[in-house]
Each structure stands twice: as structure tokens, then as C-alpha cells.
Amino acid sequence: MTRIAFLGLGHMGLPMARNLVAAGHEVHGFDLVPAVIEAAGAAGIPIASSGADAATDADAVITMFPAGRHVLDAYQDGLLAAARPGTLFIESSTIAVHEAQAAHGLAVEAGHRNVDAPVSGGVVGAENGTLAFMVGGSEEDFAVALPLLEVMGKRIVHCGGPGLGQAAKVCNNMVLAVSQIAVAEAFVLGERLGLEHQALFDVVSQASGQCWSLTTNCPVPGPVPTSPANRNYQPGFAGALMAKDLGLALQAIEQTSTDAKMGRLAQELYAAFAAGDGAGRDFSGIITDIRDGRV
Ligand code: NAD
């Protein structure tokens with residue numbers, strides 16, 4: 001049994017913490033929002049009086065916050081100082097690569113272990129313990145983190161040194177955004193050429209254009225009955241989260257002077273989608289904006 005501080009008990013954090021409890025670990029949680037604390041308490045997570053309080057005596061501290069500034073603020077506002085030297089800090093929020101590296105530097109300077117371990121798989125993956133973890137950090141720290149990650153996830157990839165878990169996450173989501181836009185454009189073009197959705201699906205899903213954005217997240221209703229298009233684009237993966245992740249990709253593109261024209265354009269299109277009515281809709285709903293010429 002490991003004693004774990006789990007900080008950030010929102011949509012993702014609470015089900016992840018519950019899986020750790022179910023696996024027999026001693027979890028002490030904390031969040032800033034009273035309603036979230038109440039829900040976590042009702043779900044059987046003991047709540048500490050602060051993040052620092054939860055971290056005292058913990059073997060591992062897991063953070064699942066909205067953005068990088070929350071992580072860096074918490075690390076510097078007493079969290080690192082409260083933990084015993086050598087504590088493992090697992091940072092699972094989706095944050096910029098440079099922020100993950102800064103967080104790593106602060107943790108190491110304070111005498112701790114640290115890995116960045118962002119996830120994909122959404123709330124359903126968090127609930128079912130089937131998340132994919134992309135991990136950045138030393139071999140040694142990865143080995144210490146692995147048994148806990150295996151409780152919360154199914155596919156765990158050590159991507160390299162500090163920050164490279166976040167690097168893999170932004171690269172994957174850039175591919176995803178570009179392919180979802182390409183699939184949406186193909187359906188709209190097909191409509192204008194007189195192609196039935198099902199006919200186009202039957203061809204592309206068995207041909208070289210095949211991809212997840214088509215075969216799982218098909219942006220038109222019909223061909224894939226479980227895709228969000230069949231439930232009025234209820235997410236799934238919300239446009240606001242895709243816009244956030246592409247903002248992080250853009251930071252990485254600019255910091256590395258990478259000539260990523262498709263990635264930059266995808267970031268612009270999803271920023272416009274999220275600023276319109278797309279923030280709360282599944283990101284495949286961008287097809288309606290493309291059809292209407294709104295992005
Ligand atoms: P959320 O907003 O539901 O939860 C984040 C929680 O962190 C909030 O309850 C907030 O009050 C809490 N928090 C912020 N600062 C804190 C602090 N100092 N101490 C304690 N608690 C603090 O967000 P979420 O949907 O659970 O996502 C969490 C992270 O996971 C984000 O970085 C997101 O990009 C990433 N992510 C989300 C999904 C998804 O489908 N929701 C999928 C993959 C990755």
C-alpha cells in the first residue's frame with residue numbers, strides 16, 4: 001500500500017483517485033472548490049485541509065489540475081516544501097512542455113522525484129482505469145511511478161526525459177485535430193459532389209485515408225452509431241479541451257521554430273470553433289462550421 005496525496009479532484013481526478021482507493025492505496029485528496037470536495041468526500045475519498053497537508057507523509061503526490069500555472073503555483077506555494085525528501089511527484093495535468101520541465105526542475109531542486117504523466121482516454125478512461133499515460137522522466141522515477149500508473153491506466157509509454165510525456169501528448173493531439181478537420185472537409189466535399197455519407201465511409205474506412213477520426217469519431221451521423229455526431233455532438237472530447245491542447249502545441253511549435261503549417265491552421269480553426277458554440281460540443285462538431293463556412 002502506498003500513501004498518496006491526490007490533488008485536483010475534478011472530472012478526471014476523482015475517478016482516478018477512486019481507482020487508487022479500490023486498489024488498496026491510502027489516498028488523501030484535496031481540491032479548491034467546495035462542491036468538488038463534497039462530491040469526493042461522498043465518493044469515499046478522505047479530504048485533507050490543504051494540498052500541503054495531504055502531501056505531508058505521502059509517498060506520492062499526484063496533481064490533476066486545469067493548466068500549468070496551477071501546477072507551478074501549487075508546487076511553489078508549499079507543496080514541495082511540505083513533502084518528505086524523495087517523494088514522487090506525478091504531474092498528470094495537460095500542460096506545456098516547458099512548464100512540465102520547469103515543474104520538474106522545482107521538484108528536483110526540492111529533493112523530490114518527478115515525472116510528467118499526461119493522459120488520454122477522457123473521463124470514461126479515468127472511470128474504467130483504461131487511460132493511456134505518456135510519461136517523461138528518468139528511468140528510475142518511471143519505474144517508481146509505474147505501479148501507480150498501472151492502476152489508473154492500461155497503456156503506459158515511457159517517452160523519454162522530463163517534459164517528453166507532454167511532448168508526445170501535444171504531438172498526438174495535433175495529429176488528431178488535423179485528421180478530424182480533414183475527415184470533416186472530405187464529408188462536406190463529398191456531399192457537394194453527390195456522395196452518400198455511407199458510401200464515402202465504406203471506401204475511406206477500408207482505404208489509405210482510414211483513421212480514428214473517421215472510424216471511431218465519424219463526424220456525420222449514421223456510419224458509426226456510437227460517434228458523437230449521433231447525439232448532437234455531445235462530447236466525447238470537448239472543443240474547449242482541443243483548443244486548449246492546440247494552444248500548447250502552438251507554444252511548442254513556436255519555441256522550436258517548427259514549420260508546422262497544418263498544426264498552426266488546426267489551432268486557428270479550433271480556437272474559432274471554441275469561441276463560437278463549439279466549446280462544449282465534441283470537437284468533431286467542427287464539421288457544421290466547415291459546412292456553413294464559419295471557420
Ligand atoms: P477539472 O477542471 O474538472 O478539474 C481540475 C480540478 O483541479 C478542479 O476541480 C480545480 O478546482 C482543481 N484545482 C486547481 N488548482 C488546485 C490546487 N492548487 N489544489 C487543488 N485542486 C486544484 O479538469 P479535468 O477535466 O479533470 O482535467 C484535468 C486535466 O486533465 C486538465 O489539464 C485537462 O486538460 C486534462 N485532460 C482532461 C481530459 C478530459 O476529458 N476531461 C482528458 C485528457 C486530459
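Trainee: Why are α1 and α7 described as roughly perpendicular to each other?

Mentor: Please keep in mind that this is a predicted model. Two packed helices are described by two quantities, the angle between their axes and the distance between the axes. Here the axes of helix α1 (residues 13-22) and helix α7 (residues 139-152) cross at roughly 110° and come within 8 Å. Angles of 65 to 115 degrees count as roughly perpendicular, and α1 and α7 therefore receive that description.

Trainee: Which residues make the contact of α1 with α7?

Mentor: Helix α1 contributes Met16, Asn19 and Leu20, while α7 contributes Leu148, Val151 and Met152. Sorted by class, the contact holds five nonpolar residues, one polar residue and no charged residues.

Trainee: How should I read the pair α4 and α5, as roughly parallel or roughly perpendicular?

Mentor: The procedure begins again with the axes. Those of α4 and helix α5 (residues 97-109) come within 9 Å and cross at roughly 10°. Angles under 35 degrees count as roughly parallel, so α4 is roughly parallel to α5. On the α4 side the contact is made by Gly68, Val71, Leu72, Tyr75, Gln76 and Leu80, and on the α5 side by Glu99, Ala102, Ala103, Leu106 and Ala107. By class there are eight nonpolar, two polar and one charged residues in the contact of α4 with α5.

Trainee: Is leucine 80 of α4 buried or exposed?

Mentor: Burial is read by counting C-beta neighbours, and a residue with 20 or more of them within 10 Å is buried. Leucine 80, in helix α4, counts as buried because it has 23 C-beta neighbours inside 10 Å. Beyond its neighbours within four places in sequence, leucine 80 is in contact with Tyr75, Leu106, Ala107, Ala110 and His112. Leucine 80 also shows how separation may be given both in sequence and in space: leucine 80 and methionine 16 are 64 residues apart in sequence, and their C-alpha atoms are 22 Å apart.

Trainee: Which residue does the UniProt annotation "active site" cover?

Mentor: An annotation comes from a record, and the structure then shows where the residue lies. The unreviewed UniProt entry applies "active site" to Lys169. Lysine 169 is found in helix α8 (residues 164-193). Lysine 169 counts as buried because it has 27 C-beta neighbours inside 10 Å. Setting aside neighbours within four places in sequence, lysine 169 is in contact with Thr94, Pro118 and Met134.

Trainee: Which residues of α8 meet residues of α12?

Mentor: I shall take the geometry before the residues. The axes of α8 and helix α12 (residues 261-278) cross at roughly 70° and come within 9 Å. That angle makes α8 roughly perpendicular to α12. From α8, Met174, Ala177, Val178 and Ile181 meet Met262, Gly263, Ala266, Leu269 and Tyr270 of α12. Eight nonpolar residues, one polar residue and no charged residues form the contact of α8 with α12.

Trainee: How many residues surround the ligand?

Mentor: The surroundings of a ligand may be read by residue, by element and by class. The ligand is surrounded by 25 residues, and the closest are Gly8, Gly10, His11, Met12 and Thr94. Two or more residues of the shell come from each of α4 (68-82), β6 (119-120), α6 (122-128) and α11 (239-255). In the shell around the ligand, 13 residues are nonpolar, ten are polar and two are charged.

Trainee: Which residues does the UniProt domain annotation cover?

Mentor: The unreviewed UniProt entry assigns "domain: 6-phosphogluconate dehydrogenase NADP-binding" to residues 3-160. Over residues 3-160 the chain is 46% helix and 24% strand, with the end C-alpha atoms 26 Å apart.

Trainee: Where does phi of a residue other than glycine take a positive value?

Mentor: Backbone angles are read residue by residue. One case is aspartate 57, with phi near 70°, in the loop between α3 (51-55) and β3 (60-63). With 14 C-beta neighbours inside 10 Å, aspartate 57 counts as partly exposed. Another case is tyrosine 233, with phi near 65°, in the loop between α10 and α11. Tyrosine 233 has 24 C-beta neighbours inside 10 Å and therefore counts as buried.

Trainee: What is omega for the peptide bond from proline 235 to glycine 236?

Mentor: Omega is near 15° there, and the bond is cis. Glycine 236 lies in the loop between α10 (212-215) and α11.

Conventions. Residues are numbered from 1 along each chain as its sequence is written. This is a predicted model: local features need pLDDT of at least 70, side-chain atom pairs count only at pLDDT 80 or more; totals for chains, interfaces and linings use all residues. A residue is near a molecule or strand if its C-beta atom, placed from the backbone, lies within 6 Å of it. Helices (H or I, at least four residues) and strands (E, at least two) are DSSP runs, numbered from the N terminus. Ala, Val, Leu, Ile, Met, Phe, Trp, Tyr, Cys and Pro count as nonpolar, Asp, Glu, Lys and Arg as charged, and the others, Gly among them, as polar. UniProt positions are given in the numbering used here, feature names are shortened, and annotations may be inferred rather than shown by experiment. A residue is buried if 20 or more other C-beta atoms lie within 10 Å of its own, exposed if 12 or fewer, and partly exposed in between; C-beta atoms are placed from the backbone. Two residues are in contact if their C-beta atoms, placed from the backbone, lie within 7 Å. Axes are lines fitted to C-alpha atoms, for helices over the stretch in contact, and angles run from 0 to 180 degrees between N-to-C directions. Angles under 35 degrees count as roughly parallel, over 145 as roughly antiparallel, 65 to 115 as roughly perpendicular and the rest as oblique.
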